[in-house]
Amino acid sequence: VEASPRKTMTLRSVVPGRIWHTQHLLRFGPVRLATRMTVVRLQAGGLWVHSPIPLTQDLARALDAIDVVNSVVAPNRSHHLFIRPFLEAYPGARGW
């Protein structure tokens, strides 16, 4: 698996102040896949991150500017590649 940080896009608003997404290009040898991370601000506060991508400094700053990451979800074995860096960067977050 090759992750290319320069291919990571910035957070884009889907529902202003509530839902964002960003994409990242992964390479598995000759195969290229676009992956998408979704971020939801929970009504009770905090951020729910679904299908995390590589956590760059820019991405961490963008998340921190919104709220505190408190849940990180890797929905299946294909989306678990980058959960550990999120849980290390946000020790108060719960991994699912």
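Q: On a 1 Å grid over the protein atoms alone, a cavity is a set of points where a 1.4 Å probe fits but cannot get out. What volume does the largest cavity have?
A: This is a predicted model: local features need pLDDT of at least 70, side-chain atom pairs count only at pLDDT 80 or more, and totals for chains, interfaces and linings use all residues. Residues are numbered from 1 along each chain as its sequence is written, and side-chain values use heavy atoms, without hydrogens or water. Searching the whole structure gives one cavity of 30 Å³ or more. With grid points joined across faces, edges and corners, and volume taken as the space filled by probe spheres set on them, the largest cavity comes to about 70 Å³.

Q: How many residues lining the largest cavity are nonpolar?
A: A lining residue has an atom within 4 Å of a cavity point; among those here are Leu26, Thr35, Ser51, Pro52, His79 and Phe82. Ala, Val, Leu, Ile, Met, Phe, Trp, Tyr, Cys and Pro count as nonpolar, Asp, Glu, Lys and Arg as charged, and the others, Gly among them, as polar. The lining has no charged residues and five polar ones. Its nonpolar residues number five.

Q: Is Ser51 buried or exposed?
A: Ser51 sits in the loop between β5 and α1 (helices, H or I, of at least four residues and strands, E, of at least two are DSSP runs numbered from the N terminus). Ser51 is not a glycine, yet its phi is positive, about 60°. Buried means under 20% relative accessible area, exposed over 50%, and partly exposed in between, with a 1.4 Å probe and protein chains only. At 6%, Ser51 is buried.

Q: Which helix gives the most to the largest nonpolar core?
A: A nonpolar core joins buried Ala, Val, Leu, Ile, Met, Phe, Trp, Tyr and Cys residues through side-chain atoms within 4.5 Å. This one has 18 residues, and Leu11, Met37, Val39, Leu63, Val69 and Phe86 touch the most other members. Elements giving two or more residues are β4 (31–41), β5 (47–50), α1 (57–66), β6 (69–73) and α2 (83–89). The top contributor, with four residues, is α1.

Q: Within what arc do the buried residues of α1 fall?
A: Those residues are Leu59, Ala60, Leu63 and Ile66. They line one face of the helix, because the directions from its axis to their C-beta atoms span a limited arc. That arc is 125°.

Q: Which exposed residues lie on the face of α1 turned away from its buried side?
A: The buried residues of α1 pack against β3 (19–28), β4, β5, β6 and α2. The face turned away carries Gln57, Asp58 and Ala65.

Q: What is the relative accessible area of Tyr90?
A: Tyr90 is in the loop between α2 and β7 (94–95). Beyond four places in sequence, Tyr90 contacts (heavy atoms within 4.5 Å) Leu55, Ala60, Leu63, Asp64 and Val69. Asp64, in helix α1, is partly exposed at 47%. Tyr90 is buried, at 10%.

Q: How far apart in space, C-alpha to C-alpha, are His21 and Val49?
A: His21 lies in strand β3 and counts as buried, with 18% relative accessibility. Residues in contact with His21 include Leu11, Arg36 and Met37. His21 and Val49 are 28 residues apart in sequence, and their C-alpha separation is 9.4 Å.

Notes:
On a 1 Å grid over the protein atoms alone, a cavity is a set of points where a 1.4 Å probe fits but cannot get out, and a pocket is an open set with protein on both sides within 12 Å along at least five of seven lines; lining residues have an atom within 4 Å of a point.
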